[in-house]
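Thanks for coming. I have one structure to go through today, and I will keep to two topics. Please have a look at it first.

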Amino acid sequence: MGMLQEFKEFAVKGNAIDLAVGVIIGAAFSKIVDSIVGDLIMPVVGKATGGLDFSNYYIPLAGQAAGLTLEEAKKGGAVFAYGNFITILVNFIILAFIIFMMVKQINRLKKEAPPEPEQPAAPPEDIVLLREIRDSLKKG
């Protein structure tokens, strides 16, 4: 029963729940970035470079015939798929830049929060006693 209780305490901690939400949102966000890169950016880059499709750039390593698509070449053996790597690298750069901008904005918002006023430090006990003695001598 102790392990179940420990798991319950772990699962309801704020950090575990925040992490789970972050992973879910990150996975959905990654799909959006994949679509942006694959459907919007890489076709424009391909058009600018003469209609090249980066996703099908590869070097055959098993003697495949030239002119095959990447999937067909993979069926024939090992390939060095550098075009797919370029696409994934562009994905990563865009995703990293967006996350960097988000963290930068969050840090900026944290800095703008007004600092809480500091409470003056309480005087030491001996000073308080000396003041009480002084005040009682003034009265008497």
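I will start with the largest pocket and then turn to one glutamine. Keep in mind that this is a predicted model.

First, the pocket. Rolling a probe the size of a water molecule over the atoms shows where empty space is left. The largest pocket here has a volume of about 220 Å³. Which elements give two or more residues to its lining? They are helix H2, residues 14-48, and helix H4, residues 82-112. H4 provides the largest share of the lining, five residues. If you want to find the place on the screen, the residues that line this pocket are Gly22, Ile25, Gly26, Phe29, Ile99, Met102, Val103, Ile106 and Asn107. Sorted by type, six residues of the lining are nonpolar, three are polar and none is charged.

Now the glutamine, Gln64. Look for Gln64 in the loop between strand S1, residues 59-60, and helix H3, residues 70-75. Is Gln64 buried or exposed? Its relative accessibility is 11%, and the cut-off for buried is under 20%, so Gln64 counts as buried.

What does the side chain of Gln64 reach? One partner is the backbone oxygen of Ala78, at 3.1 Å. A polar atom of the Gln64 side chain also lies 2.9 Å from the backbone oxygen of Ala73. If we set aside neighbours within four places in sequence, Gln64 is in contact with Ala73, Gly76, Gly77, Ala78 and Val79. Ala73 and Ala78, whose backbone oxygens I just mentioned, are thus both on that contact list.

That is what I have for today.

Notes:
Residues numbered from 1 in each chain as written. Predicted model: local features only at pLDDT ≥ 70, side-chain atom pairs only at ≥ 80, totals over all residues. Heavy atoms only, no water. 1 Å grid on protein atoms, 1.4 Å probe; cavity = no way out; pocket = protein on both sides within 12 Å on 5 of 7 lines; lining within 4 Å. Points joined across faces, edges and corners; volume = space filled by probe spheres on them. Helix = DSSP H or I, 4+ residues; strand = E, 2+ residues; numbered from the N terminus. Nonpolar A, V, L, I, M, F, W, Y, C, P; charged D, E, K, R; others polar. Buried < 20%, exposed > 50% of the residue type's maximum accessible area, 1.4 Å probe, protein only. Polar contact = N/O pair within 3.5 Å; in protein donor to acceptor, adjacent residues only side chain to side chain. Contact = heavy atoms within 4.5 Å.
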